[in-house]
Amino acid sequence: MISIIIPTYHEVENIPLIASEINKYLINEKYEILFMDDNSNDGSKLVCDTLSKNLPIKIIVRTKNRGLSYSVIDGIKLAKGEYIVVMDADLSHPASEILKMVAPLKAGKTDFVLGSRYIYGGSTDDKWTFIRYINSKLATLIALPLITVQDPMSGFFAFKKKDLPPSDKLSPIGYKIALEILVKGNFNSIIELPIFFKDRQFGRSKLSLKEQIKYLRHIRRLYIYKFPKKLEFIQFAIIATGMALFFYVLFIGFQY
């Protein structure tokens with residue numbers, strides 16, 4: 001069984017669209033969709049309850065410990081499937097790639113599959129501005145010493161539920177839960193598959209300056225976890241340089 005975890009907050013317009021897309025490509029598969037909603041109060045629960053009459057959908061409304069990363073972690077714990085797929089609700093991640101991501105897990109060829117924008121064959125929407133692209137690249141650059149993948153910022157990924165790191169090891173801040181799981185998990189092999197990252201059609205991005213600052217705090221925690229006793233100076237230099245560049249781009253980006 002495939003469990004698809006989708007964190008939501010004010011995504012009521014996108015929920016029926018992403019549910020329909022997933023069902024289109026997984027109609028012959030045994031699957032479930034768990035919408036982990038951070039108490040949107042926008043009609044999302046009613047929409048999911050209606051959809052659940054015909055589709056394997058459940059919405060869990062969360063009022064405590066809110067935030068994208070913990071929504072995903074809680075969703076994985078509740079999942080009934082052996083295979084976990086995490087994706088966004090805004091249709092930026094292609095449902096057409098879900099089975100391609102799960103296939104190498106089933107075949108035992110890898111432990112973790114990441115949908116990547118930055119490998120050959122991957123791409124981003126033409127609507128992306130230069131500032132947004134540079135912002136993404138800088139955020140990626142800061143994370144590269146932690147894990148050897150090209151798109152550590154991706155929110156579209158798959159792995160076996162049994163491989164989720166223990167709860168006491170997970171302490172994410174912000175929205176980059178894949179990076180947290182990759183750094184703290186025990187994955188012998190990681191495969192990146194190319195995806196086209198589409199811009200959202202409905203709703204607004206939840207990415208804000210506050211979330212970007214959380215990301216930097218998260219990165220700092222991961223560096224301390226990964227390099228607890230060595231490379232302190234290099235660690236500090238990488239983070240300090242990255243922060244300076246990151247905040248510079250953020251400052252420019254939030255002016256437009």
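Start by selecting Thr110 and Phe112. The backbone oxygen of Phe112 lies 3.3 Å from a polar atom of the Thr110 side chain. Keep in mind that this is a predicted model.

**Stop 1: around Thr110**

Add Ser189 to the selection. Its backbone oxygen is 2.9 Å from a polar side-chain atom of Thr110. Now zoom out a little. Thr110 sits in the loop between α4 (98–106) and β5. Is Thr110 buried or exposed? Thr110 has a relative accessible area of 6%, so it counts as buried; the cut-off for buried is under 20%.

Next, show what touches Thr110. Setting aside neighbours within four places in sequence, Thr110 contacts Pro104, Leu105, Ser189, Ile190 and Ile191. Ser189 thus turns up twice: in this contact list and through its backbone oxygen.

**Stop 2: the largest nonpolar core**

Select Phe157, Phe159, Ile181 and Tyr215. These residues have the most contacts inside the largest nonpolar core, which has 36 residues. Which elements give two or more residues to this core? Colour these: β2 (31–37), α3 (68–78), β4 (83–86), β5 (112–116), α5 (130–143), β7 (157–160), α6 (177–184) and α7 (209–226). Pause on α6, which gives the most, with six residues.

Then move to another core, apart from the largest one. This core has 29 residues. Pick out Leu26, Leu51, Ile59 and Met101, which are among them.

**Stop 3: two loop residues with positive phi**

Select His10, in the loop between β1 (2–8) and α1 (15–26). Check the backbone here: phi of His10 is near 60°, a positive value in a residue other than glycine. His10 has 38% relative accessibility, so it counts as partly exposed.

Jump to Asn65, in the loop between β3 (57–61) and α3. Asn65 is not glycine either, yet its phi is positive, near 50°. At 48% relative accessibility, Asn65 is partly exposed. The exposed class begins over 50%, so Asn65 at 48% stays in the partly exposed class.

**Stop 4: colour by confidence**

Finish by colouring the chain by pLDDT. The chain average is 84, and 82% of the residues score at least 70. Which element has the lowest mean pLDDT, and which the highest? Select helix α8 (residues 232–253) for the lowest, with a mean of 57. Select β4 for the highest, with a mean of 98. β4 also appeared at the second stop, as one of the elements giving two or more residues to the largest core.

Notes
Residues numbered from 1 in each chain as written. Predicted model: local features only at pLDDT ≥ 70, side-chain atom pairs only at ≥ 80, totals over all residues. Heavy atoms only, no water. Core = buried A, V, L, I, M, F, W, Y, C linked by side-chain atoms within 4.5 Å. Buried < 20%, exposed > 50% of the residue type's maximum accessible area, 1.4 Å probe, protein only. Helix = DSSP H or I, 4+ residues; strand = E, 2+ residues; numbered from the N terminus. Polar contact = N/O pair within 3.5 Å; in protein donor to acceptor, adjacent residues only side chain to side chain. Contact = heavy atoms within 4.5 Å. pLDDT = per-residue confidence, 0-100.
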